[in-house]
Amino acid sequence: MLKIPFRCSINNAKQAVVATFIALAFVISSVVAIATPITYDLVWNALFDVAMEQNEQQALKFEAFAKTSILQGEPAAGVIKQFQDIFQGSSYDPSNYVCLVDENGEVIAHPEMSFVGNVIDINYQLKQEALAAAKHAYVDISLITKNINADFSSSNQPSRSVVKYTEDGYMEAIYQYPLPDIDATLWIHIDVAVLDQKTEKVMMAIGAVIIPALLIMIAIGTFAVRIVERSFESKLEKQARTDGLTGLANRRHFDDQLEVEWKRAFRKGGSVSLAMLDIDYFKLYNDNYGHQAGDEVIQQVAHCLNMKVQRSSDTVARYGGEEFAIIMVDCTEQEAALFMQRLVISIEELQLLHAYSSCSQYITCSLGIATLKATEDVDHSMLLRLADNALYRSKAKGRNNLCS
């Protein structure tokens, strides 16, 4: 009867732990799903700002260089050649560079020589508007753009917050510095398509850290589920083997332990002693003092037994009602009988008043003890019968004594 609710309790504990873990995994997955696009935008904007900052600093240096060269008497064509030499002499990122464009949109200096002479179509849109529309698909953009394909006067220069759309549908971020002394303009160029690729690489790097972290969390969670499950199992197992009133081992645990000790004694060629103890005239006590008082007596007797039987190899159990059982190993029949005799005296010395007892004014116990060598021809049930018979003889002798 005990096994079914016990197993159900363990299953309930498992279900509760697993449900908690699933809920945690769902929450983590939801957070990752929500955080990924936000993180993507943060990374994209950070890369964009870094690229713009680097190129702006470079453009300011080139602007100062052009002014200084002109002031020193260098002709415009010479300054442009110097720019081309500088551009070609330095390494550059195809997605992020500075070039020189004349007032007609012709590229006159570029890090890659093949671009020199190309005419750039100049259509612009405010960056804030473009990015809002292009967040998820740069190719499917259809926006009205400002055409400033006229001149590059200071009053008509686009600000930093502009973007340009190429014919293949990609978007480029452009920022211009006019150099009127040489009739040209420095262009900061950022190819957003390449910036997307860089962002994706960063996201993959982040994922390379987050995914293993999540897997580790799942592994830890699985391990935690197992630990909690074992803890529940251990706790429930202990509860299933413990008497609720006294805290001693219950009948189920006693039966299992007697079989274990008997098999151990058989392997070692030893013997097992078993004492059966019964509180004298307990029914009369219950009838006259009440069941609550009877429970208190059982608890105090159990506490006395537990305190007196201190060897870890011995087992004290509540066998049923007012009856207790004690399994003793590694002791002789005489040693067991002497110890049990002292136990009978200890219980009476508790001085638990029992006015309806015929053998004492206090609570007493009758005790039967048997010792049997474990052999192949005898099992532990024989030891139990012998101890029970000894208890019966103890009661027949007038109680409050021991028989073996």
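Reader: Which elements do the buried residues of α6 pack against?

Author: This is a predicted model. In it, the buried residues of α6 pack against β8 and α7 (291-308).

Reader: Which residues of α6 are buried, and what arc do they cover around the axis?

Author: F282, Y285 and N286 are the buried residues in α6. They cover an arc of only 95 degrees around the axis, which puts them on the same side of α6. The helix is followed by G290, whose phi is positive, near 100 degrees.

Reader: What charged pair does α6 hold?

Author: The general idea is that side chains of opposite charge can pair when their charged atoms come close. In this structure, D287 and K283 form a salt bridge, with 3.0 Å from N to O. The two are 4 residues apart in helix α6, so about one helical turn separates them. K283 counts as exposed because its relative accessibility is 61%.

Reader: How many salt bridges does the structure hold?

Author: There are 10 salt bridges in the structure. One of them joins the side chains of D255 and R251, at 3.4 Å from N to O. D255 and R251 lie 4 residues apart in helix α5, and about one helical turn separates them. D255 is partly exposed at 31% relative accessibility, and R251 is partly exposed at 37%.

Reader: Which parts of the chain does the pair D278 and K395 tie together?

Author: The side chains of D278 and K395 meet in a salt bridge of 3.3 Å, N to O. D278 belongs to strand β8 and K395 to helix α9, so the bridge ties together parts that are 117 residues apart in sequence. D278 is buried, at 5% relative accessibility, whereas K395 is partly exposed, with a relative accessible area of 29%.

Reader: How does the span of α9 stand against the span expected from its residues?

Author: Helix α9 covers residues 380-396, which makes 17 residues. At 1.5 Å a residue they should span 24 Å, and the end C-alpha atoms are 25 Å apart, which agrees. The buried residues in α9 are L383, L384, A387, A390, L391 and S394. Seen down the axis, they fall within an arc of 125 degrees, so they line one face of the helix. Y392 and A396, on the other side of α9, are exposed.

Reader: What do the buried residues of α9 pack against?

Author: Their partners are α5 (251-268), β8 (271-279), β9 (315-320), β10 (323-329), β11 (365-373) and β12 (402-403).

Reader: Where should one look for positive phi values?

Author: Most residues other than glycine have a negative phi. Just after α9, G398 takes a positive phi of about 120 degrees. R399 is not a glycine, yet its phi is positive, about 70 degrees. R399 lies in the loop between α9 and β12, and at 24% relative accessibility it counts as partly exposed. Q351, also not a glycine, has a positive phi of about 55 degrees. Q351 lies in the loop between α8 and β11 and is exposed, with a relative accessible area of 52%.

Reader: Is H354 buried or exposed?

Author: H354 is buried, with a relative accessible area of 0%. The residue sits in the loop between α8 (333-348) and β11. Leaving out residues up to four places away in sequence, H354 touches D280, Y281, L284, Y285, Y289, S360, Q361, Y362 and I363.

Reader: Which residues form a nonpolar patch on the surface?

Author: The patch consists of L284, Y289, L353 and Y356, with about 360 Å² of accessible area together. L284 is found in helix α6 (residues 282-289) and counts as partly exposed, at 37% relative accessibility.

Reader: What do the totals for the protein chain say?

Author: The secondary structure comes to 9 helices and 12 strands. Of the 404 residues, 40% count as buried. Among contacts with a separation of 6 or more, 64% are between residues 24 or more positions apart. The chain exposes about 22400 Å², of which carbon and sulfur atoms supply 57%.

Note on methods: Residues are numbered from 1 along each chain as its sequence is written. This is a predicted model: local features need pLDDT of at least 70, side-chain atom pairs count only at pLDDT 80 or more; totals for chains, interfaces and linings use all residues. Side-chain values use heavy atoms; hydrogens and water are left out. Patches are made of residues with over 30% relative accessible area and no salt bridge: like charges are joined within 9 Å, nonpolar side chains (Val, Leu, Ile, Met, Phe, Trp, Tyr) within 5 Å. Accessible areas come from the Shrake-Rupley method with a 1.4 Å probe; for residues, only the protein chains shown count as cover. A salt bridge is a side-chain nitrogen of Lys or Arg within 4 Å of a carboxyl oxygen of Asp or Glu. Buried means under 20% relative accessible area, exposed over 50%, partly exposed in between (1.4 Å probe, protein chains only). The expected span of a helix is 1.5 Å times one less than its number of residues. The arc is that of the directions from the helix axis to the C-beta atoms. Contact means heavy atoms within 4.5 Å.
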